[in-house]
Amino acid sequence: MSTWSRNNAAAALSCAAGLLVLLGLGLALLWAPEDADQGISQKIFYVHVPVALTAYACFGWAAWKALRLLWLGDERYDLESYTAVHMGTIFGVLTLVTGSIWAKVSWGVWWSWSERQLVLFLILFLFYSAYFMLRYSLDPGPRRQRSSAVYALFGVVLIPISFLAIRLAEGLIHPVVFTRDGPQMSDSMFLTFCVCLAGMLTLAAALYSVELAGKRIDERVRELRELLA
Amino acid sequence: MSTGEKYLAAAYLVVFAAVLTYLVLIALKVSRLERDLAELAELARQRADG
């Protein structure tokens, strides 16, 4: 893909993300009905769940790029996988913070260690945070690329475990909204959720492409500096 | 403002603040790259002249 098309893709994604996020915000705050049980605080759902799913998507994308690197040996996938982990970690922080705010208003506590879903997400987050330590403890080159790729690929195993934990465990206070019978919410709530999720995924894609472009330029500037030195 | 509304506002503001912070960091990175490129262009010009 040329630099021109990459830049235009980033601009198009940014516009789409802005529109979808604003639309989702409007729908969540003005259109979607209040939950009978939790009241207005349930609307945190429209930001917390899309952010969490986006974090999973970023880690999944990082694993896919890591697999491509190991399979094809193309160096460019290393930077792409690294950028996706970077994005996933940012969305992971947001998941933990928005989740804590929701927990405080719903359960009266900021965190509950007895909740497997929360603990597993924290483990996933810490696992990917350690990715940066591994990456920067090695010198740039094929060894670092391969080690980072293997690590990113291992981490993705935690995603289905984190997802299934809540469905396999009993007696949890963390709500299960998506069951085998479909989403347990009204149509308007589900539509609002879908728009918010689309907005968050597009936002992540826009940030990913901008970050990746920045990292690529950085790399080229470094190469140029070495050539001119 | 009810307690629920305060927490709701906090959750949305956290995400908004994160995106805003990210934009500031990207802006700083772009200015650094601009400086680096100007420096490299100057180096290349000196090479061409010398």
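Student: In this predicted model, how many residues of chain A are in contact with how many of chain B?
Tutor: Contact here needs heavy atoms within 4.5 Å. Going by that cut-off, the two sides pair up unevenly in number: chain B brings 24 residues, and chain A brings 34.

Student: What area is buried between chain A and chain B, and which residues of chain A lose the most?
Tutor: The size of an interface is often given as the accessible area lost when the parts come together. Between chain A and chain B that comes to about 2,400 Å², with carbon and sulfur atoms giving 77% of it. On the chain A side, 24% of what is buried comes from three residues together, the ones that lose the most area to chain B: A:Ile40, A:Arg225 and A:Leu228.

Student: How many salt bridges are there between chain A and chain B, and how many residue pairs in polar contact?
Tutor: Start with the whole structure, where a search over all chains finds 12 salt bridges. Between chain A and chain B the count is 4 salt bridges. For residue pairs in polar contact between chain A and chain B, with both at pLDDT 80 or more, the count is 6.

Student: Which helix of chain A gives the most to the side that touches chain B?
Tutor: Four helices of chain A each supply at least two residues to that side: helix 1 (3–31), helix 2 (45–72), helix 3 (76–107) and helix 7 (187–228). The residues on that side divide into 25 nonpolar, 3 polar and 6 charged. With 14 residues, the top contributor is helix 7.

Student: Let's take one pair across the chains. Which residue of chain A forms a salt bridge with B:Lys29?
Tutor: B:Lys29 sits in helix 1 (residues 3–49) of chain B. Beyond its neighbours within four places in sequence, B:Lys29 is in contact with A:Gly214, A:Lys215, A:Asp218 and A:Glu211. The salt bridge, with the closest N and O atoms 3.8 Å apart, is to A:Glu211.

Student: Is B:Lys29 buried or exposed?
Tutor: The cut-off for buried is under 20% relative accessible area. B:Lys29 has a relative accessible area of 17%, so the residue counts as buried.

Student: A:Arg225 came up earlier. What is the salt-bridge partner of A:Arg225?
Tutor: The pair crosses between chains, running from helix 7 of chain A to helix 1 of chain B. A:Arg225 is partly exposed at a relative accessible area of 30%, and the partner is partly exposed too, at 43%. The closest N and O atoms are 2.9 Å apart, and the partner is B:Glu39.

Student: Staying in chain B, how many residues apart are B:Arg45 and B:Glu42?
Tutor: B:Arg45 forms a salt bridge with B:Glu42, and the closest N and O atoms are 2.9 Å apart. B:Arg45 is partly exposed at 47% relative accessibility, and B:Glu42 is partly exposed at 37%. Both lie in helix 1 of chain B, about one turn of the helix from each other, which is 3 residues.

Student: Now inside chain A: A:Glu80 and A:Arg76 meet in a salt bridge, so which of the two is buried?
Tutor: The N to O distance for the pair is 3.9 Å, and both residues lie in helix 3 of chain A, 4 residues apart. A:Arg76 has a relative accessible area of 43%, so A:Arg76 is partly exposed. At 5%, the buried one is A:Glu80.

Student: What pattern does chain A follow along the sequence?
Tutor: Chain A has 7 helices and 2 strands. Its C-alpha atoms fill a box of roughly 65 × 35 × 30 Å along the principal axes. Read along the sequence, the pattern is α-α-α-α-α-α-β-β-α.

Student: What percentage of the residues of chain A count as buried?
Tutor: Chain A exposes about 11,900 Å², and carbon and sulfur atoms supply 66% of that. Among its contacts with a separation of 6 or more, 75% come from residues 24 or more positions apart. Of the 229 residues, the part that counts as buried is 47%.

Student: Last one: how is A:Cys194 classed, and what separates its C-alpha atom from that of A:His86?
Tutor: A:Cys194 is in helix 7 of chain A. Its relative accessibility is 33%, so A:Cys194 counts as partly exposed. A:Cys194 and A:His86 are 108 residues apart along the chain, and their C-alpha atoms are separated by 24 Å.

Conventions: Residues are numbered from 1 along each chain as its sequence is written. Chains are lettered from A and ligands numbered from 1 in the order in which they are written. This is a predicted model: local features need pLDDT of at least 70, side-chain atom pairs count only at pLDDT 80 or more; totals for chains, interfaces and linings use all residues. Side-chain values use heavy atoms; hydrogens and water are left out. Buried area is the accessible area (1.4 Å probe) that two parts lose on being put together, summed over both. A salt bridge is a side-chain nitrogen of Lys or Arg within 4 Å of a carboxyl oxygen of Asp or Glu. A polar contact is a pair of N or O atoms within 3.5 Å; within protein, one must be able to donate a hydrogen and the other to accept it, and residues adjacent in sequence count only if both atoms are side-chain atoms. Ala, Val, Leu, Ile, Met, Phe, Trp, Tyr, Cys and Pro count as nonpolar, Asp, Glu, Lys and Arg as charged, and the others, Gly among them, as polar. Buried means under 20% relative accessible area, exposed over 50%, partly exposed in between (1.4 Å probe, protein chains only). Accessible areas come from the Shrake-Rupley method with a 1.4 Å probe; for residues, only the protein chains shown count as cover.
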